[in-house]
Every structure is written in C-alpha cells, then in structure tokens.
Amino acid sequence: MASYIIEGGRRLEGEVTVSGSKNASLPIIAATILNPNITKLYNIPNIHDTQITLEILKYLGCKLKKNHGRIEVNSKNIDKREIPEHLMNQMRSTVVLAGAILGRFKEARFSYPGGCDIGARPIDLHLRAFKKLGINIIEDSGFITCKCDRIIGANIDLDFPSVGATENIILAAIYAEGITQITNAAMEPEIVDLAKCLNKMGAKIEGAGTNIITITGVEKLKSISYTVMEDRIEAGTLLCAGAITGGDITLKYKTPEHITPIIHKLEEAGCQIQIEKGKVHLKANRKLKAVDIKTLPYPGFPTDMQSVFASTLTTAKGTSMIIENIFENRYRYVAELKKMGAKIAIEGKTAVIKGVRRLSGAKVKSTDLRGGACLVLAGLAARGTTTVTNIEYILRGYENLDEKLRNLGAEILLDKEE
Ligand code: EPZ
C-alpha cells in the first residue's frame, strides 16, 4: 500500500490551480453513453474514480481517446448492457452508469453496489424511481436486472434529495416518452453541470440547481465538446490546508459561489478571505477559532468537507461541534486523528472537538477518501513526521494532491511501497 510521508510545521504559501470535479466528471462521463455520436470532454481529473468509469465504458464497447484531462468518447458501437461486477465493486458511484445504459438501451444489469467506508449507501431511491419510469427490476443473488419496452415520463418525489438518484433519473429519462418531473431533487452544482452538458447535446432539462427538475424526452443527441466544472471539495480541502498551517495561499478557482458555506466557516474561524476574478485568496492566523458545523444537502455545508474541516479545528482555540446529517458512518477518521493527539468525542451524529495546542506526527491509516485527506492536513500542521498509509483512498478523488501541496511549500513525499 502507498503512503504519504509528511514533515509538519511548514506554513503553506503560494498559488495552486484547482482540478476538474470528480463528482461532476462521473455522471458526465456516464452521459456520453446516451449519445451515439462523439463527445469530447475537457478538464476531467486523472484520478482512480474517473479511470475506473472509463474502463467500464471501454468494456461496454465505447471507443476512447485520452490525452491528459481531455477525453473523447465514441459510444456508437456499445454492445453490452452490463456493468462488470469487479469494476462495480471498486466504486459504488458507478451506479449512475446504469441510468445511462437504461436510458439508451432500456436494459441494464449490474451488481448491488456494496456499502462503503462511510455508510450503507443504499440505492432504494434509484430503484423506486426506475420503477416509476416503467422499468421492470429483478433483484437476484446480488445482481439487479432492469428492463422495459418503453420508458414513460413520470412524476418522481424523492424522500431525500439524493445526488446519485437525481442524476440517475435524469440520465434514464433523457429519451423517455413524455415529461419526467423530479420533486425534492438534489441541488448540487454537479447536477447543474450534468444538465448543462446534456442540454448542450440537445436534451431538454429545466430546473437543475433547484429542487424541482423537469426532463422532456427527446429523440436524439448530437456531438459536442464540454468542459467539466472545477472540484469544489478539492478547493475547500486546499483552503483548509492553508488554514491549518497558518498559511497565505491563493487558489486559481473560478466558482467561489459553490463553496460559500466553507468560506463563511473559515472566516468565522478567523481566516481572511478575498475573492478576486478567478482567484480565492486565504490568509490564516496562527491560531484558528473554534466553530460549529452542521452538514446538509447543497447549499448547506457539504458532508464531503466534514472530516477535512474537523482536522482543521483540532488545534483551534476553544471547543467545536460537528453534526453529520448525511452519512451514518463518517467519523471513522477520528480514531486516527486521536493517535496524533486530537481531543475528539463522538456521540451519535455529533463530534465535539476540544482544541489542543499542537498535534504530534504519527503513523495513521486512511479510512476513506475524505478521511484520508483530513489526515494529510493534520500531518501538515503536526510536530514531526506523519505517515499516512492506505492513500489509495485519497488517490481516488484528489489529482496530484502531494505535488500541489509541495508547490505550496509542504514537505510531503509519496512512498509507493509495493
Ligand atoms: C454523492 O454520493 C457524492 N458522490 C458523495 O461524495 C457525496 O458525499 C454525496 O453525493 C452527498 O453530497 C458522487 O457524486 C460520486 P446521496 P451519493 O445519494 O449520490 C442516502 C465523495 O467523497 N440514500 O446524496 O451516493 C445515502 O445513504 C463522495 O466525493 C438512500 O438512503 O449520495 C446517504 O445517507 C462521498 N437511498 C444520503 O442518502 C438511496 O437510494 C445521501 O446520499 C440513495 C441515497
């Protein structure tokens, strides 16, 4: 397993460019399955999760051309309808590929996406929505087979504004007969990016970014090129890296409106933040102030920033409280932070963080993607050496994180011990 080795105590300074969004890239890559013509995508981050998704497209019969962040997908000759189990199990969010395969071919087969490190991750909302669209679903021995003659537009009310379910319904309904309306839809910027890309292809999606989205079925889509949005969670992670080290950093990042709750919380913690055209500048005091965080669906504070912000608060002055409202098991990183001297108590959905003077370097293990990132940030600020192991989790969602941090002055090395 690979590790990061970090010498803590360096203030981060300088400028860094935020990569393309993982969570916009995955559904947008899925959307190319719907389009029998060529789709050119730009700003796709080169991370494990996009690599896996592209491998599945190749398996289905898509022809791919890759050149760094530029991907060309030719979906003309797709000859399979099944997502291979070994790839499905590597990444549960491949479930959005099912919606795209269904939308185009009215048939899809995939294995139950396993739970993951942050919760059970059920897909009941996805399946219930597919049934509303007239799709027959057979679940047997861990596999799900979806099939129908026609996909008929329907009114779908989501019990919870699920990001994945909202994306899957949009993808499955693009060619549906009639109109599909999603009520209590997720409003995340990644949904807006998916809709913008599909509408550029000729789809008819209205209301993306609000809690009511309408999809009017169309007959065909056309070849386009599309640039994927920037990664708002990477932007938040880099700002927190600046904050925890008392640093002075500038992000080359054009959509600060996507990270308003993160910016407000960093300001409440005592950071000065300036927004200029295409840039976000953060200057942090040596000592941050404790703040309270509650994770909520967008536009609330994002759950993906919960662990990263928690590590930022471990050395703040005072006691912080975090309430995790989205996933039921997203505190696994806490045991690792405590090895570094953090004072955190967990009670159900709530974490109480008592600020300590300084963390101490230790050998710690990534528990999941964002839990791993939080340990890297803790290592940047800790006294001495921190080794973060199992960083394959981190490589799933952050493109060249160690290189970006090194360019900001961090002492971090990737140890690819085989
Ligand atoms: C997306 O996951 C993101 N992943 C997650 O980011 C993010 O944390 C999450 O949205 C919330 O913003 C991608 O976009 C690839 P949900 P998703 O469906 O779609 C429950 C990261 O670190 N639920 O909005 O799986 C579910 O259990 C990842 O980049 C059901 O109960 O999230 C969870 O408690 C982690 N039934 C809540 O809803 C369902 O059918 C939110 O899940 C679906 C979801």
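Two strands count as paired if DSSP finds at least two bridges between them. The model used in these exercises is predicted.

**Exercise 1. How many bridges join strand S3 to strand S5, and in which sense do the strands run?**

Step 1. Locate the strands: S3 spans residues 38–42 and S5 spans residues 70–74.
Step 2. Count the bridges: four join S3 to S5. The cut-off is at least two.
Step 3. Read the sense: S3 and S5 run antiparallel.
Step 4. Check a residue pair: Lys40 stands opposite Glu72 in S5.

**Exercise 2. Work out the strand order of the open sheet of four strands, and state which strands are at the edges.**

Step 1. The order is S4-S5-S3-S13. The pairing is mixed.
Step 2. Strand S4 (63–67) and strand S13 (224–227) each pair on one side only, and these are the edge strands.
Step 3. From one strand to the next, the twist averages 15°.

**Exercise 3. Which strands do helices H1 and H2 lie across?**

Step 1. Take H1: this helix lies across S3, S5 and S13. Its direction is at about 170° to S3.
Step 2. Take helix H2 (residues 48–60): H2 lies across S4 and S5. The angle to S4 is about 150°.

**Exercise 4. Trace the pairings of strand S14 with S2 and S16.**

Step 1. S14 covers residues 248–252, and strand S2 covers residues 13–17. The two pair in the parallel sense over five bridges.
Step 2. Within this pairing, Glu15 has Thr250 in S14 as its bridge partner.
Step 3. Turn to strand S16 (residues 279–283): five bridges join S14 to S16, and the strands run antiparallel.
Step 4. Here Asp248 has Lys283 in S16 as its bridge partner.

**Exercise 5. Describe the shell around the ligand, then its polar contacts.**

Step 1. Count the shell: 23 residues surround the ligand. Asp124, Leu125, Ser162, Asp304 and Ile326 come nearest.
Step 2. Sort by type: 10 are nonpolar, six polar and seven charged.
Step 3. Assign the helices: H1 (22–34), H5 (124–132), H6 (163–173) and H12 (369–381) each supply at least two shell residues.
Step 4. List polar contacts, with a cut-off of 3.5 Å between N or O atoms. A side-chain N or O atom of Arg121 is 3.0 Å from a ligand oxygen atom. For a polar backbone atom of Val163, the distance to a ligand oxygen atom is 2.8 Å. A backbone N or O atom of Ile326 lies 2.6 Å from an oxygen atom of the ligand.
Step 5. Finish with cover: on its own, the ligand has 830 Å² of accessible area, and the protein covers 87% of it.

Methods:
Residues numbered from 1 in each chain as written. Predicted model: local features only at pLDDT ≥ 70, side-chain atom pairs only at ≥ 80, totals over all residues. Heavy atoms only, no water. Near = heavy atom within 4 Å. Polar contact = N/O pair within 3.5 Å; in protein donor to acceptor, adjacent residues only side chain to side chain. Areas by Shrake-Rupley, 256 points an atom, 1.4 Å probe, with all protein chains shown as cover. Nonpolar A, V, L, I, M, F, W, Y, C, P; charged D, E, K, R; others polar. Axes fitted to C-alpha atoms, helices over the stretch in contact; angles between N-to-C directions. Contact = heavy atoms within 4.5 Å.
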